Amino acid sequence: MSVVLEVRDLAVQAGNIDILHPMSFIVEAGQTIAVTGESGSGKSTLARAIMGLLPEEFSLTGEIIFENQNLKSLPENTMRHLRGNRIAMVFQEPMTALNPIRRIGNQIADTLRLHGQTSGHDIKARTQTLLDRVGLTKAGVSQKAYPHMLSGGQRQRVLLAMAIACRPSLLVADEFTTALDARTQAEIMVLVEELARENNMAVLLISHDLGLIRHYAKNTVIMRNGRIVESGDTEQIFTAPSHPYTQALLSVSLHGTRHEPLRPIPVPAAIYQEAEA
Ligand SMILES: Nc1ncnc2c1ncn2[C@@H]1O[C@H](COP(=O)(O)OP(=O)(O)OP(=O)(O)O)[C@@H](O)[C@H]1O
């Protein structure tokens with residue numbers, strides 16, 4: 001298996017506040033890796049750092065090696081080219097990513113044009129292929145539809161069509177299915193899984209949903225307060241968590257509902273001290 005992304009001693013500060021403490025992990029081609037942890041643990045900051053989309057007031061140290069390139073040293077225009085082409089990102093709220101007054105076919109075509117496809121005929125054909133592939137055509141959705149005519153799950157399918165348009169090798173999915181009902185969520189995740197397999201695309205799955213992570217992610221990174229507390233094979237972590245924080249996280253989630261966001265967990269002080277050691 002080849003490594004598509006290596007995060008090496010990555011740390012992020014906002015002024016003198018440490019948002020992410022030095023962390024390292026690798027993502028292999030075609031692999032789904034989940035990042036989880038309670039609110040404020042730094043998951044979205046990690047995703048934004050990888051995408052080169054940190055706010056201006058943030059500074060970054062360490063390395064982000066993507067397809068053998070050190071992203072830190074790339075100029076913004078090269079980074080812009082990489083985003084969408086080689087690294088794609090999908091978010092929870094599709095209406096912020098979709099233009100409400102443009103037909104979805106035109107929006108998918110815009111993505112193709114932006115990333116280098118020029119022939120009108122090719123663009124139209126590829127747009128149709130993408131709509132077919134994400135299951136919208138068979139649901140009766142055409143290129144002419146506007147976003148407001150679609151359900152939440154269908155909008156996420158449009159975003160997936162745009163995300164995979166240029167066959168990226170990494171898809172960053174930040175709470176992508178959180179707003180969907182359980183059945184739609186499962187359907188979208190099965191589609192993501194299929195697309196990842198077909199394109200040998202790695203998926204960085206940021207989620208609070210431990211049930212979803214256990215089902216779809218081969219590896220998992222558990223974060224707390226800007227640090228990785230435990231990482232490795234998902235099944236191994238779920239069956240035999242080695243860190244007290246992970247143990248507490250999993251035991252609390254067993255009592256909560258699968259779709260409830262994780263909240264700060266009341267772990268006894270003694271466990272905290274051990275966890276920090
Ligand atoms: N502009 C900023 N300046 C200073 N601190 C910030 C800024 N933006 C975010 N933070 C802090 O960075 C930390 C990590 O935030 P981040 O959004 O990455 O967490 P998260 O794990 O994605 O949370 P959630 O699950 O709620 O989305 C939080 O403590 C947050 O308050």
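**From the ligand shell to the sheet and helix H2**

The residues around the ligand divide into 7 polar, 4 nonpolar and 2 charged. The model is predicted. In it, the ligand is surrounded by 13 residues. Ala-14, Ser-39, Lys-43, Ser-44 and Thr-45 are the closest. Two elements each give two or more residues to this shell: strand S2 (17–28) and helix H1 (43–51). H1 supplies the largest share, with 3 residues.

Strand S2 leads on to the sheet. Strands of a sheet pair through backbone hydrogen bonds, and the pairing is either parallel or antiparallel. Here the sheet is open and has 4 strands. Their order is S2-S1-S4-S5, and the pairing is antiparallel. S2 and strand S5 (69–70) are the edge strands, and each pairs on one side only. S2 thus has two roles: it is an edge of the sheet, and it gives residues to the ligand shell.

At the other edge, S5 runs antiparallel to strand S4 (residues 58–66). The two strands are joined by 2 bridges. Across this pairing, Ile-65 stands opposite Asn-70 in S5.

Next comes helix H2, which spans residues 76–85 and contains His-81. Is His-81 buried or exposed? Neither label fits: His-81 counts as partly exposed because it has 15 C-beta neighbours inside 10 Å. A buried residue needs 20 or more, and an exposed one has 12 or fewer, so a value in between is partly exposed.

His-81 also gives a sense of distance within the chain. His-81 and Leu-212 are 131 residues apart along the chain. Their C-alpha atoms are separated by 31 Å.

Terms used:
Residues are numbered from 1 along each chain as its sequence is written. This is a predicted model: local features need pLDDT of at least 70, side-chain atom pairs count only at pLDDT 80 or more; totals for chains, interfaces and linings use all residues. A residue is near a molecule or strand if its C-beta atom, placed from the backbone, lies within 6 Å of it. Ala, Val, Leu, Ile, Met, Phe, Trp, Tyr, Cys and Pro count as nonpolar, Asp, Glu, Lys and Arg as charged, and the others, Gly among them, as polar. Two strands pair if DSSP finds at least two bridges between them.
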